[in-house]
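Here is a colleague's note to read alongside the structure, written as numbered points. Please keep the model open and look up each residue as it comes.

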Amino acid sequence: MGAIDPFDRLVAGLDGLREGLRVAVVYNGDKEAQGAVIHKGRNPRSEKSYKPVAKDIRNGLRAAGFRHVMLLPDDLTLPERLREERIDLAWLNTAGMQGYDAIAHAPAVMELAGIPYVGHRPLLALTLDSKQVFKREAQALGLPTPPFLVWDGVRGRLDLDDPAFRRAFDGWEGGFVVKPVIGRASLNVHHVAARQDVPGVVDAVYRETLNQVLVEAFMRGAEYCVAVSGPVVVRGGRPERGSEPFAFSAVERRLAPGEAIFTSMDLKPIDGGRARALEPGDPARTPLLALARRVHEDLQIRCLVRLDVRADAAGRLHILEANPKPDLKRPDERGTSLVCLGLGAEGMDYEDLLLSLLLDRLDHYVRNRPSVVAHLERLLE
């Protein structure tokens with residue numbers, strides 16, 4: 001008899017995982033909490049705990065049958081709490097509490113502790129989170145992304161005659177987008193129509209974030225999002241393993257009259273009036289899904305990402321950025337997340353999505369990194 005396929009073994013052991021797996025959903029800690037830090041530092045990303053969505057994930061996993069799911073803050077108390085709670089697996093719903101590379105802190109702790117996790121490894125988390133690093137990787141791989149320049153305010157004011165600016169935007173007259181290299185929810189993102197206004201906006205974004213600033217050619221076409229994860233998909237509670245990455249929720253972000261770029265979801269929650277899932281016959285849908293699969297394969301991504309994409313005036317798609325921690329808010333009457341907007345078309349609900357992401361990550365570990373999940377053998381038996 002041949003060896004049992006790792007995925008089949010996971011599915012056969014799913015009841016054992018539901019009964020015994022101890023899961024921690026990790027959210028951003030609070031610098032003011034006792035023991036959270038030694039000294040308070042700076043975070044260039046605007047403050048947000050992500051705790052409400054962590055609760056959605058916890059409750060969704062419990063609804064999917066997992067008995068032992070708890071919330072833990074991403075701070076200096078995390079390593080000891082992982083030990084005290086005998087955590088088997090972590091779900092990282094955190095972007096880090098402070099520091100310029102904060103999104104890598106939690107996965108680095110998990111690697112150090114030997115705890116498998118749903119989330120990106122530290123280097124990939126930083127690559128995806130830092131817009132200029134991701135875009136340089138995209139350029140090197142031949143993936144379409146708008147021309148761009150990164151400016152660091154410690155060098156002083158941006159000069160439009162700087163050779164780097166001229167190389168990036170030689171002959172470009174189509175306007176610009178100025179934004180932080182690390183941020184969230186489209187905050188501090190500005191459309192700049194006139195070239196001469198770019199240095200002043202760059203200065204303003206730098207003063208707000210004290211971090212590098214990205215200047216990007218403005219694409220005048222429609223704006224889209226698309227999600228992509230690994231090949232394991234759960235529909236109606238039934239797990240399947242496909243032959244390629246699972247690309248889904250191809251969505252058009254609807255811009256209001258006079259709105260050049262999508263307004264922060266902190267200011268306008270996502271609802272059906274601000275975004276629409278693309279129908280199977282929509283001409284943009286198939287290219288978006290194909291682009292998402294290519295990014296997943298070319299960058300060797302092992303977990304969920306959401307791509308933000310914009311078309312140029314001729315309709316050609318360009319990747320703006322990749323979100324390594326896309327919002328996973330449970331859909332309700334007040335709004336939804338861009339990732340969840342297309343679940344219905346896939347025959348999936350919120351619990352199906354969470355179970356897909358969890359099993360896909362475990363499938364990767366069991367198949368390719370079995371020593372990392374050796375402690376779960378007792379549950380799979």
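1. A salt bridge is counted where a side-chain nitrogen of Lys or Arg lies within 4 Å of a carboxyl oxygen of Asp or Glu. By this rule the count in the structure, which is a predicted model, comes to 32 salt bridges.

2. Glu 223 and Arg 253 provide one of these salt bridges, their side chains meeting at 2.9 Å from N to O. The pair links distant parts of the chain, since Glu 223 belongs to strand 9 (residues 223-229) and Arg 253 to strand 12 (residues 246-253), with their positions 30 residues apart in sequence. Buried means under 20% relative accessible area, and Glu 223 is buried because its value is 5%. Arg 253, at 7%, is likewise buried. The two residues also take part in a network of salt bridges that links them with Arg 306, Asp 308 and Arg 310.

3. Which parts of the chain does the salt bridge of Arg 285 and Glu 346 tie together? Arg 285 lies in helix 10 (residues 285-298), while Glu 346 lies in the loop between strand 15 (317-323) and helix 11, so the bridge ties together parts that are 61 residues apart in sequence. The closest N and O atoms of this pair are 4.0 Å apart, and both Arg 285 and Glu 346 are buried.

4. The salt bridge between the side chains of Glu 240 and Arg 235, at 3.8 Å from N to O, has partners that are partly exposed: Glu 240 has a relative accessibility of 42%, and Arg 235 has a relative accessible area of 29%. The surroundings of Arg 235 can be described further, for this residue stands opposite Arg 238 in strand 11. Strand 10 (residues 232-235) and strand 11 (residues 238-241) run antiparallel and are joined by four bridges. They form a hairpin with two residues between them, and Gly 236 in the turn has a positive phi of about 60°.

5. Another part to examine is an open sheet of four strands, which stand in the order 5-8-6-7 with antiparallel pairing. Why is one side of strand 5 and one side of strand 7 left without a neighbour in the sheet? Strand 5 and strand 7 stand at the edges and each has a single partner strand, so there is no neighbour on the other side. Neighbouring strands of this sheet are turned by 25° against each other on average, if direction is ignored. Strand 6 and strand 7 run antiparallel and are joined by three bridges, and within this pair His 191 of strand 7 is the bridge partner of Val 177.

6. Helices pack on this sheet. Helix 7 (residues 131-141) touches strand 5, strand 6 and strand 8, and its direction makes about 145° with that of strand 5. Helix 9 lies across strand 5, strand 6, strand 7 and strand 8, and runs at about 15° to strand 6.

7. Helix 9 (residues 198-209) has 12 residues and reaches 17 Å from its first C-alpha to its last, which is close to the expected 16 Å. Its buried residues include Val 198, Val 201, Val 202, Val 205 and Tyr 206. What covers the buried residues of helix 9 includes helix 8 (163-169), as well as strand 5 (148-151), strand 6 (176-180), strand 7 (190-192) and strand 8 (213-217). Just after helix 9, Leu 210 takes a positive phi of about 50°.

8. In soluble globular proteins, nonpolar side chains tend to be buried together. The largest nonpolar core here has 59 residues, of which Leu 61, Phe 66, Trp 91 and Leu 328 touch the most other members. Helix 11 (residues 350-368) gives the most to this core, with 10 residues. Leaving out residues up to four places away in sequence, Leu 61 touches Val 23, Val 25, Phe 66, Val 69, Trp 91, Leu 354 and Leu 358. Apart from this core lies another, of 26 residues, among them Ala 138, Ala 250, Ile 301 and Ala 311.

9. Finally, is Asp 88 buried or exposed? Asp 88 is buried, with a relative accessible area of 5%, and it lies in the loop between helix 4 (78-84) and strand 3 (89-93). Beyond its neighbours within four places in sequence, Asp 88 has contacts that include Gly 20, Arg 22, Ile 115, His 375 and Arg 378.

Definitions and conventions:
Residues are numbered from 1 along each chain as its sequence is written. This is a predicted model: local features need pLDDT of at least 70, side-chain atom pairs count only at pLDDT 80 or more; totals for chains, interfaces and linings use all residues. Side-chain values use heavy atoms; hydrogens and water are left out. Buried means under 20% relative accessible area, exposed over 50%, partly exposed in between (1.4 Å probe, protein chains only). Contact means heavy atoms within 4.5 Å. The expected span of a helix is 1.5 Å times one less than its number of residues. A nonpolar core is a set of buried Ala, Val, Leu, Ile, Met, Phe, Trp, Tyr and Cys residues joined through side-chain atoms within 4.5 Å. Two strands pair if DSSP finds at least two bridges between them. Axes are lines fitted to C-alpha atoms, for helices over the stretch in contact, and angles run from 0 to 180 degrees between N-to-C directions.
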